Every structure is written in structure tokens, then in C-alpha cells.
Amino acid sequence: AAPPGLKDPEGERADRRPRGGSVRGVLTLPKRLSKLFVAKNNNGSNSDKSESVSTSSTLSTPDSTPREETDATAETSEDIKTTESTAALEEQPKPTVETELLSLGIRRWKYQQVLYEACLQAGIHIHFGKRLHRATTVVKPGSKDPLTCLHFKDGTTVETSLLVGADGINSKVRSYVTNPTPEEDHGEEKEFVPEYTGVTCLMGSANVPRIRGICFPSSATTKCHACYYPTRIPSPGAEATENPNDDREDHEQVFQIYFPSPIERPDTWRTLTPEEAKEECRDLAKRLREDGWHEQFLAPLESETLTGVLRVGLRSREALDCWHVGGNTPSTRGDDAVGEGAETTVGRAVLLGDAAHPPVPYIGQGAQMAMEDAGTLALLLKHFCPLIPTDNQSDESPIQIPDFSNFEKAMEVYESLRVTRTKTILGSSVQLGKTQQRRADSKLYNAWRELSIKAQVWAYGTLPVMRPGAAFDYKAKVEEVLAE
């Protein structure tokens with residue numbers, strides 16, 4: 001359940017679904033079949049005759065001709081059958097995408113475009129092509145407020161009063177946060193490489209509709225497992241296609257297929273050319289078809305709209321318990337600080353997203369956790385470190401800077417809100433990945449897991465492991481903590 005006062009949209013939606021969905025489906029089966037296989041006469045008359053017209057897949061055959069029409073001529077009988085069958089096909093429900101259980105993903109590049117445009121509107125300058133080499137502390141003569149200096153690989157430097165590290169699993173800012181005062185090393189600093197997990201992922205997208213939202217199929221023969229989810233669906237009221245596997249520009253889905261690959265091959269981890277992608281994906285589809293995979297999972301791999309196919313090895317790095325360094329208050333960071341209880345002389349820095357808690361992608365919550373981190377951090381900095389006027393004021397453009405005297409308090413609340421939550425959510429992702437691989441490795445375990453999934457959905461309306469990621473309002477949580 002969500003904390004008091006917080007919305008739980010997924011939970012509320014699940015609660016509205018009748019428990020025991022499978023039983024309900026059986027009880028309503030006759031009614032649904034009658035709608036699917038029975039057509040009404042165009043003019044509303046002779047309903048007994050029209051009800052005998054089959055609309056399952058083809059036009060009526062002589063076996064479906066009503067007994068009352070057996071004395072009609074062959075031509076007249078055929079006209080009646082064709083007219084009624086055509087009307088039946090027109091009234092038969094077309095394949096539609098189920099929306100009640102439809103999870104909708106957001107393509108990373110689209111989200112980045114939204115953020116970029118928002119930065120431009122806010123007057124924030126974006127510098128491309130800059131790669132951070134390391135961060136150090138700079139203390140200006142006569143100043144008690146240390147700054148953080150960013151050293152870029154092109155030789156340029158920038159000084160800042162607060163460095164926010166959202167630089168991913170290979171984070172350089174993380175190295176500064178965990179060791180802000182390294183011993184002098186006259187050699188070239190060694191690049192940190194996260195540990196390879198033994199899993200390689202093939203991912204891409206295609207304009208093929210997903211019927212049931214997010215799905216996690218696995219294969220006991222190929223020893224792989226996958227995740228499929230839609231990233232674009234038609235607007236409400238859009239007409240459905242006759243074939244649910246037809247390529248449609250208003251449909252888009254992403255596939256991620258995971259293979260156990262003990263040998264690390266970084267030379268093969270890259271974006272594939274269109275020719276390579278087509279050949280590899282179609283070969284994979286052929287093997288999965290032989291394994292018995294449903295055609296809806298093979299359609300994206302064989303689609304002419306296949307794009308953005310990428311092969312990448314999954315790497316991991318331990319999550320941190322402390323995400324910041326620096327400040328002008330006595331430190332309580334113990335061994336990670338300059339000295340416990342001592343006044344820090346380290347420039348400020350704080351982490352968010354993969355830099356603080358690198359995820360594995362099986363539950364699709366890595367970017368979501370980063371967004372929550374950023375929103376939480378922004379609200380807390382606004383509350384604890386408000387803008388104050390500087391001594392050098394201009395009538396035309398007054399200058400304000402943050403008051404960092406309560407920076408440590410802001411970080412204490414930030415970490416208390418985010419560390420436990422991210423460990424819980426992303427820990428669930430690790431467990432789901434292990435579960436999926438066990439399904440691929442063992443037919444017996446897979447059969448048990450299938451029953452377990454059905455039981456959980458029957459009882460909760462969704463998999464409980466998926467709910468905590470969606471049923472959370474970071475803004476309400478911040479307001480709740482600040483009100484205490």
C-alpha cells in the first residue's frame with residue numbers, strides 16, 4: 001500500500017478489477033462468444049436465419065445455410081450468404097490493443113529532447129562534447145567556502161559551488177564523492193570499468209503493436225529471456241488494423257532479449273548496421289519460432305520497420321549508501337570524510353541516478369529512479385538552500401546565489417528518502433532477472449513460475465513487484481517529511 005496521503009494509481013486500478021479474473025472469464029465466455037460469432041441481419045428481420053451465419057474466419061459455407069432456404073436457387077442462396085456474411089464480418093470486433101494492462105514506456109531520446117527544450121526555455125546553457133576527467137577541490141585565498149573544480153579531457157576547467165553528478169555507471173563524480181582527497185599519483189589515472197554480469201542484451205524497436213502491454217517471455221531451448229513493451233500507441237478512437245501484427249506508424253514497441261554469455265566480448269557491443277540488424281534478428285526469430293515462441297514476439301524481429309538495434313553487455317556496480325560530499329558543517333561521514341567531526345574542506349558534490357545506484361534493466365525502473373532522485377533533490381535544495389542576494393548587485397540583473405549553510409541537512413533528508421527506496425526497487429530488478437534466467441534454464445521451474453504469475457495477477461490484478469515503481473509520488477513524500 002502507498003504511504004498515507006499518497007496516490008496509488010496502479011493499486012486503485014488493480015482494486016477495481018474483479019478478483020478471480022480467470023473464473024469470471026469462464027462465466028462470461030458464452031456471452032462473449034455470442035457477440036463474436038453471431039451477426040445480426042442488415043434490415044433487422046428474419047433474425048433466426050441471420051443467427052446461423054458463421055463469422056469466425058471465412059464467408060458462410062453450404063453447411064451454414066439456414067434450413068428454411070434450402071428450396072432457394074443456388075444463385076439466390078449464394079447472394080444471401082454473401083450479403084449476410086459480409087455484414088457479419090463488418091460487425092465482428094476488430095483486433096484491438098488491450099489498454100487496461102497496457103504499460104507504456106518512454107524512449108530515452110524523446111525524454112532527453114523534452115529535458116533539453118526545457119533547459120533552453122529556462123536559459124540553461126548545454127555544452128556538448130565535454131568529457132569529465134576528474135574533479136578536485138579548490139579553496140580560494142581568504143574564502144572559507146571550498147569550490148569543486150571539474151577537469152575535462154579537452155584541458156578546460158570549470159569551478160562550481162555544487163557539482164551534481166548524473167554521469168551514469170562510469171561516473172567520474174562518484175569517484176570524487178567516495179574519495180575526494182586521493183593521494184598524489186603522478187601517473188595517468190586508471191579508468192574504472194564496472195564488472196561484467198555475464199549477460200548480453202540485444203535490443204531494438206519496430207512499428208508493431210503490443211497486445212498486452214509489458215511481457216516477459218523466456219525460452220528453455222535458447223536459454224534466453226526477454227522483455228517487450230510498447231512505447232507508442234494510437235490516440236483514442238483510432239481504428240484498429242485487421243491484423244494485430246501489421247506494421248503501423250502509430251504503434252511502436254521495444255524488445256530487449258537477454259542471453260547468458262560468460263565470455264566478455266566488448267568488441268561486439270555496439271549499434272548494428274541495418275543489414276546486420278535484419279540478418280541477426282531474423283535468424284533469432286527463426287530459432288525462437290522453433291522454440292515455440294508466439295508470433296507476437298517474433299513480429300518485431302521480422303518487421304521491415306526494425307530500427308535502433310543494439311547489442312550490449314550488462315555491467316554492474318554496487319550502490320552507495322552516501323551520495324554526497326562537502327559542506328561547511330562538521331562532518332559525520334566517518335571514514336569517508338577528511339576526519340570525523342572535523343570541518344570539511346572539500347568542494348560539494350552530490351550524485352543521482354545510475355551514478356549512485358546503477359541498475360540492471362529487467363524491471364525498467366532505472367530512469368524512473370533517476371527522475372525521482374532529481375525531483376527530490378531539486379525540492380530539498382530549494383527548501384534548505386534558498387537563493388540569497390550577493391554583495392555585487394546590479395540594477396539591471398540582480399544576482400542571487402544559493403545559501404549552502406544547510407547543505408548537510410538537505411543531503412541527510414535526500415539520502416534518507418532515496419537510498420532505501422532505490423535499493424528496494426532496483427533489488428527487485430535483480431531478483432526478477434535471476435527469476436527470468438531460471439525460467440529459461442529449467443522447464444520445471446518455468447511451469448511453476450507460470451502458475452505463480454497467474455496466481456499473483458488473479459489475486460492482485462498485477463505483479464506486486466511492479467507496483468512500488470509506479471505507486472509513488474516523490475513530491476508528496478518530500479512535503480510529508482518537511483512537514484514533520
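# Cysteines, sheets and helix packing in a predicted chain

Cys119 is partly exposed, with a relative accessible area of 21%. Here buried means under 20% relative accessible area, exposed means over 50%, and partly exposed covers what lies in between (1.4 Å probe, protein chains only). Cys149 counts as buried, at 5% relative accessibility.

The structure is a predicted model, in which local features need pLDDT of at least 70 and side-chain atom pairs count only at pLDDT 80 or more, while totals for chains, interfaces and linings use all residues. Residues are numbered from 1 along each chain as its sequence is written, and side-chain values use heavy atoms, with hydrogens and water left out.

A disulfide is a covalent bond between the sulfur atoms of two cysteines. The rule used here asks for a pair of cysteine sulfur atoms within 2.5 Å, and by it the count comes to zero disulfides.

## The chain as a whole

The protein chain has 14 helices and 13 strands. These elements are DSSP runs numbered from the N terminus, with helices (H or I) of at least four residues and strands (E) of at least two. Of the 484 residues in the protein chain, 38% are buried. Contact means heavy atoms within 4.5 Å. Among contacts between residues at least 6 apart in sequence, 70% join residues at least 24 apart.

## Strand pairing

Two strands pair if DSSP finds at least two bridges between them. The table gives four such pairs.

| Pair | Bridges | Sense |
|---|---|---|
| β2 (residues 147-152) and β3 | four bridges | antiparallel |
| β5 (residues 195-206) and β7 | eight bridges | antiparallel |
| β6 (residues 225-232) and β7 | seven bridges | antiparallel |
| β10 and β11 (residues 349-351) | two bridges | antiparallel |

One open sheet is built from three strands in the order β1-β2-β3, with antiparallel pairing. Its edges are β1 (132-138) and β3 (157-160); each has a single partner strand, so one side of each is left without a neighbour in the sheet. From one strand to the next, the twist averages 25°. The buried Cys149 has Glu159 of β3 as its bridge partner.

Another open sheet of three strands has the order β4-β11-β10, and its pairing is mixed. Here β4 (163-165) and β10 (324-325) are the edge strands with a single partner each, so each has one side without a neighbour in the sheet. Val325 stands opposite Ala349 in β11.

Strand β7 (residues 252-260) pairs with both β5 and β6. Its residue Val254 is the bridge partner of Ser205, and its residue Gln253 faces Pro230. Eight of the nine residues of β7 are buried, so this strand is largely enclosed by the rest of the structure. Strand β6 is also largely enclosed, because six of its eight residues are buried.

## Helices α9 and α8

Helix α9 (residues 295-302) is mostly covered, with six of its eight residues buried. These are Gln296, Phe297, Leu298, Ala299, Pro300 and Leu301. Among the elements that cover them are β5, β6, β7 and α8 (274-291).

Glu276 belongs to helix α8 and is partly exposed, at 28% relative accessibility. Its C-alpha atom is separated by 9.0 Å from that of Val309, although Glu276 and Val309 are 33 residues apart along the chain.

## Helices α11 and α12

The axes of helix α11 (residues 407-441) and helix α12 (residues 443-460) come within 6 Å and cross at roughly 130°. Axes are lines fitted to C-alpha atoms, for helices over the stretch in contact, and angles run from 0 to 180 degrees between N-to-C directions. The crossing makes α11 oblique to α12. Angles under 35 degrees count as roughly parallel, over 145 as roughly antiparallel, 65 to 115 as roughly perpendicular, and the rest as oblique.

On α11 the contact is made by Leu432, Thr435, Arg438, Arg439 and Asp441, and on α12 by Lys443, Tyr445, Asn446, Arg449, Glu450 and Ile453. By class, the contact has three nonpolar, two polar and six charged residues. In this scheme Ala, Val, Leu, Ile, Met, Phe, Trp, Tyr, Cys and Pro count as nonpolar, Asp, Glu, Lys and Arg as charged, and the others, Gly among them, as polar.
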